Amino acid sequence: MNSKHKEGQYKPWSLEYHGYDPKKEKSRESLLAVGNGYLGVRGALEETRACDTNYPGTYMAGLYNRLVSKVAGKDIENEDFVNCPNWAYINFRIGDTPWLDINKTEIISFKRILDLSTGKLTRELVVKGNKGNETAITSSRVASMDNPHLAAIQYTIKPLNYSGEIELISSLDGNIINDGVPRYRELNQQHLKPVEEGYGGNTSWLVVETTQSGIEVAQAARHTTLKNGNPMPVKSTCKTTKGKVDCFFPISLERNEVLTLEKVVAIHTSKPDDVKSPLAESKNLLKNVGSFNTILEASGQAWKKIWDKIDIQIEGDPKSQMLARLHLYHLMVAASPHNVNIDAGIAARGLHGEAYRGHIFWDELYILPLYCIFMPDVAKSILNYRYRRINKAREYAKEYGYKGAMFPWQSGSDGREETQVIHLNPVSGKWGDDYSSLQRHISIAIAYNTWYYFQVTEDMAFMEEAGAELFLEICRFWASKSVFDEATGRFSISKVMGPDEFHEQHKASKGGGVKDNAYTNIMVAWLFKEAEIILEKMPESAKEKTLQKISLSTGELEGWKKISTQLNIPVSEEGIIEQFDGYFGLKELDWDGYRKKYNNIYRLDRILKAEGKSPDEYKLAKQADTLMAFYNLDEETISGIMEGSGYQLPEGYLEKNYTYYLNRTSHGSTLSRVVHAYLANLFGGSELGSQLYFEALGSDYTDIQGGTTAEGIHAGVMAGTALMAITSFAGVNFKKECLSINPVLPENWKCIKFNFTFKNAHYFVEVKPGLFKIEIKNDILGEVLVEFSNKKINLPTNKVIVLDY
């Protein structure tokens, strides 16, 4: 993506699509989703059902179901994010003609606008029927950010060149399956079974239950009709079938008369963190809510409070401004202030689709730091999702002969490992080992986020209640995985996969995975050092209580300290840190040849396997691996770890490592560009950094991976690009004891404004080329120490300060 643009092409507060492109429709549905953290609703047209072009979907945070499928003679169990009943279906027909099928109808005009400031999705459509009848349909949709159990649609129809009988249909449809990811279609995807359907007065309702987890989902819909803007009851009829309720609204309209149907829906579940009687709660809620506009107004006010906290204002680059807000918006759809009351992590693909089965991965490493500075209570809730499942992580570690807490690569409802350990080769038809679960660095991500939250908030109460135990038990796991190697005189960690993902096994690591992955070993050394600091900061009584609770002895802590300075992290004579033991001995790939042959080589692993080769044989990476350590930690921190372990690194070693690994990376993950952009800016490669950043910023908007956005947004890259605007371009570093600031704005950004909280102070920042304006609001401290352009200065609080750089 090029950040250049035509003035006026991008609106600062809206995502707009003109026209209808069936090939892009599912991706647009993801990007037009509405939601509030409790539920997310894909932006599919009201008139559509699941087909090759369209895919309606409603997803509830933390709602999963487990099914067994027969695959090539084996029983394979998968837990999935459940696609809940389609509450948004509304359609119309003229007389006795068929219901509108957008994919078989002549479209005269079509426009959709997602208002990012209020979460309102509007659609304006004019279609022409077989007899030349032209009809205008306008719909507006909202998932309330004020009350997360409410969603509503205002659906308006207007005959433009004819008069006649028109009939509307509005449904609650539970007869659906998970069908949003084509590669899962051979598996059992029937997650819902009907419980109750009914109607009475202007209300209809539906209750379904997940087939294995036994969670009830109740939806109650209230319908109101208006003619030419004035209330006018339409005699409706309703029909129930198992798992479905259809309500019909027939009316005679003259040319240019307008019929409006308002559909207000209340949704509850019986999840432990929700309600005991979902249907009763949904019916009662409908009795106490107003019109569509009333719901929209309240929701808009709630969104305003959110934007006051999270908005990033960019001047001089309308495209970046729109995309930054689009990313922040979708993060709030995935996890909002409501999530403090929800027991769920942030799914890698948000509440927007079924890719990765709605599981939670290490993507939170990119996501949680943003919540830490904007919405720390939500960040804490996400960390508590992990803490509540720490016993499962302990069981998982014990199962494999380790101590402490080993968290799963893929997590869902209860914290067990959801990653398959075998996979079927579609070409050979044979089963083989699947080493994906060896990406044990997920536990590093959880520990890092725990540290980051504490670093930003100084929330000692959380550390005493959960954080310290979480961090220390992860350290204990890594200590038990560290084995002293007589040959090197150092500790080694085997049977892991790094962030790279392309390298699944190497002969140096028996049992799959690789040995001494540099990212893993550097981060583990850091964890052990940080554990000591965390314990020093805790009050003595709280420290002793935590140590006693998990039976952590002084001798064990001393063992960690020893391992932290003796981990094996091979370095070449040129100062290149070896990605893993044996990496330097792998073959070089003809990158130019493969780019010429295939053009798109993001998924080099699939290309090589199709050629009968293995990615394990080559020096390549899907995304940043060794370099990922420098994204997490400052260069000086890593230098200290390496020097403390007896390794000598040459001057400029970060740039040397960057160049070496960038030339061997395919960027098969959208996250890759975020990391490489961030690091390029660290050593002055601002032109390359900007190029990679703008590619990452537009990756979902342009569906850079050729269709993956259709299966859900990429929450990690959305958070990573939003955070990078602050940490890299505005230059605000949250990883030191005091705030560190070194701005480097992209060439076409004239100004960036934002605010955040850090160590109990509220910062308001405005950055322009050469000028940094800051106000620190704190009623206790008279001044705050910051590091600006590598110099430490004390800034007075509650006063606007202007600094040159």
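Colleague: Let's start with helix 12 (residues 554-564): which of its residues are buried?

Modeller: Keep in mind that we are looking at a predicted model. Buried here means under 20% relative accessible area. In helix 12, the residues that count as buried are Trp560, Ile563 and Ser564.

Colleague: How wide an arc do they cover around the axis?

Modeller: The three buried residues sit on the same side of helix 12, because the arc around the axis is small enough to put them there. On the other side of helix 12, Thr554 and Gly555 are exposed. The arc of the buried residues is only 100°.

Colleague: What covers the buried residues of helix 12?

Modeller: Look for elements with heavy atoms within 4.5 Å, since that is what contact means here. Both helices and strands turn up in the cover of these buried residues. It includes helix 9, strand 23 (482-485), strand 24 (490-493) and helix 10 (518-537).

Colleague: Now for the cysteines: how many disulfides does the structure hold?

Modeller: A disulfide is a covalent bond between the sulfur atoms of two cysteines. To count here, a pair of sulfur atoms has to be within 2.5 Å. Cys84 is too far for a bond, because its sulfur is 20 Å from the closest cysteine sulfur, in Cys247. The number of disulfides in the structure is zero.

Colleague: And which cysteine has the sulfur closest to that of Cys475?

Modeller: Cys475 is buried, at 0% relative accessibility. Its sulfur has no bonding partner, because 18 Å to the closest cysteine sulfur is too far for a bond. That closest sulfur belongs to Cys372.

Colleague: Is Cys84 buried or exposed?

Modeller: The cut-off for buried is under 20% relative accessible area. Cys84 has a relative accessible area of 0%, so Cys84 is buried.

Colleague: Where is Asn228 found, and what is its phi near?

Modeller: Most residues other than glycine have a negative phi. Asn228 has a positive one, although it is a residue other than glycine. Asn228 is partly exposed, with a relative accessible area of 43%. It is found in the loop between strand 15 (216-227) and strand 16 (230-231), and its phi is near 55°.

Colleague: What is the relative accessible area of Glu458?

Modeller: Glu458 lies in the loop between helix 8 (441-457) and helix 9 (460-481). Phi of Glu458 is positive too, near 55°. Glu458 counts as partly exposed, and its relative accessible area is 39%.

Colleague: Which helix gives the largest share of the lining of the second largest pocket?

Modeller: The second largest pocket has a volume of about 630 Å³. It is lined by 31 residues, with Asp634, Tyr678, Leu682, Thr727 and Asn733 lying nearest its centre. Several elements each supply at least two lining residues, among them helix 5 (364-374), helix 18 (670-682) and strand 25 (732-733). The largest share, five residues, comes from helix 20.

Colleague: How many residues of that lining are nonpolar?

Modeller: Sorting the lining of the second largest pocket by class gives nine polar and six charged residues. The nonpolar residues number 16.

Colleague: Last one: which residues is Val744 in contact with, leaving aside its neighbours within four places in sequence?

Modeller: Val744 has its place in the loop between strand 26 (739-741) and strand 27 (751-758). At 34% relative accessibility, Val744 is partly exposed. Leaving aside those sequence neighbours, the contacts of Val744 are Ser686, Ser728 and Phe729.

Key
Residues numbered from 1 in each chain as written. Predicted model: local features only at pLDDT ≥ 70, side-chain atom pairs only at ≥ 80, totals over all residues. Heavy atoms only, no water. Helix = DSSP H or I, 4+ residues; strand = E, 2+ residues; numbered from the N terminus. Buried < 20%, exposed > 50% of the residue type's maximum accessible area, 1.4 Å probe, protein only. 1 Å grid on protein atoms, 1.4 Å probe; cavity = no way out; pocket = protein on both sides within 12 Å on 5 of 7 lines; lining within 4 Å. Points joined across faces, edges and corners; volume = space filled by probe spheres on them. Nonpolar A, V, L, I, M, F, W, Y, C, P; charged D, E, K, R; others polar. Arc of directions from axis to C-beta.
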